[in-house]
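This report goes through one protein model, from its cysteines to its strands, its open and closed spaces, and two of its loops. Keep the structure in view and find each residue as it is named.

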Amino acid sequence: MEDEILKNARLELEELKQISSYFKLDNFALYMKIKRTELLIQCGNIKNIDQELRKLEKNIRKEIFKTNISEKYKSPNKKEIWKKSTKFEYERALYPTLLEKKIKDSILFSPQILVVFHSCMSAIDAILKVILALFTKKDKIYIISLAYYFETISLFKIFYNIKGIKLDILDKILDFYNLLENNSVADVFFVEGMDVNLKEDSLDVKYINSIIRKRKSNKPVIIIIDTTLINSNFNVHEIFYKLNINLIIFVVRSGLKLEQQGLELANIGIVEIYTNDSKLPLEKIKNILITARTLCGTSISHTEEKMLLSDLFFCSKTLDYISKIEKNAERIYTAIRDTKRKELNLVCYKEHAPFLLLYLIESNLESCINFISRLRKYLNSRKTDVNIGTSFGFRHLRIEIIKHVSYNCIIRISPGVYWGNDCKYLVDFLNLCE
């Protein structure tokens, strides 16, 4: 096992060196930290290697921010008085055209429209504004939503129940399929590709195609799909296969979670639009999205665009990164799914999920905090640790407590791309029979 961890440490160091190279980081102190980590690996010192790799990643991330800071004003200077100006007036109205083109060119399925926002939530909000504009003649727009994220459910409930929208929120994927096939009144269907609670089955794209083909209504179908958790396993063309009715698909996702190789340099929400309707006013839709972004200040900044334009984020390395995290999550689950640890009620996992969930028998907050404290004590005694923090998709192991409506509290374990002592001893701890 030590040989595997040393091998993984060497691979992680090489990845970090490549990241440093992509961003052209030329810093002597950083160079010395890399050399120190190399020496530890060469000496076979695996006891402290997790900590050194974490420190090195943080230093690289810090240098990326320092070397990519844009000096442009939030309100840019005019090039000439009254004659010629920049393409925009304020940073909040920035047109990140270079970034949008680069993302669009990297997508296999050639979306007709691609627009980026400061977050996935602001992207969903803008899509709903487009839909409101498209249905201006209707008294009420009927949306059927299968959302799992608390933020998404809140967005629909708080902001859209009061804006002439009838909203049905579902919690079962089978109910969603049934209504998509049989409900000819609904205007829009919203669905998240994977249940963040890992209870429901993930979205079946081919099955959606078969459902739409069986619909008795010829009314055009509008679907919004959040692919944040299934992006590397999502094929939008399969939904359009041999359809005889018009379909509009808004694909939205967070580009922060898994697509920045754990660096979390910038919040970004990405909207892609696909349709087989030749009469759809695509230019109007794009203008509404951009106008909503401009007025609400939900564009990204100069600095964020500059960092995200790195070729690091637009190559097969990103898919490889996501795949490694998914494999590490599956590996932890396989190793602990039959654990006899008495305080564990359930270990929950779904194929391709980048995390797994632990349901304790005592599911209150105090019990979860105590559990994580004992885990950290166990890890610290073996010269490693786990990061405490929200979300997933990072380079190193993370753990967090999620407050859940129906189950009180759940512990989420999000492995990183690096499998080190942290993951090894996590598995050992979870398999301890007390």
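A disulfide is a pair of cysteine sulfur atoms within 2.5 Å. The model shown here is predicted, and it holds 0 disulfides.

**Cysteines**

Why does C409 form no disulfide? The closest cysteine sulfur to that of C409 belongs to C368, and the distance of 5.0 Å is too far for a bond. C409 has a relative accessibility of 2%, so it counts as buried. For C43 the value is 59%, and C43 therefore counts as exposed. The cut-offs behind these words are under 20% for buried and over 50% for exposed.

**Strand 2 and its partners**

Strand 2 covers residues 141–146, and 6 of its 6 residues are buried. Its side chains point two ways: I141, I143 and S145 go one way, while Y142, I144 and L146 go the other way. The residues of both groups are buried.

Which strands are joined to strand 2? One is strand 3 (residues 165–170), which runs parallel to strand 2 and is joined to it by 6 bridges. Within this pair, K166 of strand 3 stands opposite Y142. Another is strand 4 (residues 188–192), also parallel to strand 2, with 4 bridges between the two. Here I143 has V188 of strand 4 as its bridge partner.

**Pockets and cavities**

The table lists the volumes of the open spaces (pockets) and the closed ones (cavities), with the make-up of their linings.

| Space | Volume | Lining residues by class |
|---|---|---|
| Largest pocket | about 1,300 Å³ | 20 nonpolar, 10 polar, 13 charged |
| Second largest pocket | about 650 Å³ | 17 nonpolar, 9 polar, 3 charged |
| Largest cavity | about 70 Å³ | 4 nonpolar, 4 polar, 4 charged |
| Second largest cavity | about 50 Å³ | 3 nonpolar, 2 polar, 2 charged |

The largest pocket has a volume of about 1,300 Å³, and 43 residues line it. Those nearest its centre are Y148, Y149, F150, E151 and V196. Several elements give two or more residues to this lining. The helices among them are helix 5 (120–134) and helix 6 (150–160). The strands are strand 3, strand 9 (356–360), strand 11 (398–404) and strand 12 (408–414). Strand 3, which is joined to strand 2 by 6 bridges, thus also appears in the wall of this pocket.

The second largest pocket has a volume of about 650 Å³. It is lined by 29 residues, and S106, I107, N231, R253 and L319 are the closest to its centre. At least two lining residues come from each of helix 4 (97–106), strand 6 (247–254), strand 7 (269–275) and helix 12 (316–336). Which element gives the most to this lining? Helix 12 does, with 4 residues.

How many cavities of 30 Å³ or more does the structure hold? There are 2 of them. The residues around the largest cavity are T228, L229, I230, N231, S232, R253, S254, K257, L258, E259, I322 and E326. Strand 6 and helix 12 each give at least two residues to its lining. N231 and R253 line this cavity, and they are also among the residues closest to the centre of the second largest pocket.

The second largest cavity is lined by Y149, E192, G193, M194, D226, T228 and L229. Of these, T228 and L229 also line the largest cavity, and Y149 is one of the residues nearest the centre of the largest pocket.

**Two residues with positive phi**

Two loop residues have a notable backbone angle. Q261 is not a glycine, yet its phi is positive, at about 50°. Q261 is part of the loop between strand 6 and strand 7. Is Q261 buried or exposed? Its relative accessibility is 1%, so Q261 counts as buried.

S391, likewise a residue other than glycine, has a positive phi near 75°. The loop that holds S391 lies between strand 10 (387–388) and strand 11. With a relative accessible area of 9%, under the 20% cut-off, S391 is buried.

Terms used: Residues are numbered from 1 along each chain as its sequence is written. This is a predicted model: local features need pLDDT of at least 70, side-chain atom pairs count only at pLDDT 80 or more; totals for chains, interfaces and linings use all residues. Side-chain values use heavy atoms; hydrogens and water are left out. Buried means under 20% relative accessible area, exposed over 50%, partly exposed in between (1.4 Å probe, protein chains only). Two strands pair if DSSP finds at least two bridges between them. On a 1 Å grid over the protein atoms alone, a cavity is a set of points where a 1.4 Å probe fits but cannot get out, and a pocket is an open set with protein on both sides within 12 Å along at least five of seven lines; lining residues have an atom within 4 Å of a point. Grid points are joined across faces, edges and corners, and a volume is the space filled by probe spheres set on the points. Ala, Val, Leu, Ile, Met, Phe, Trp, Tyr, Cys and Pro count as nonpolar, Asp, Glu, Lys and Arg as charged, and the others, Gly among them, as polar.
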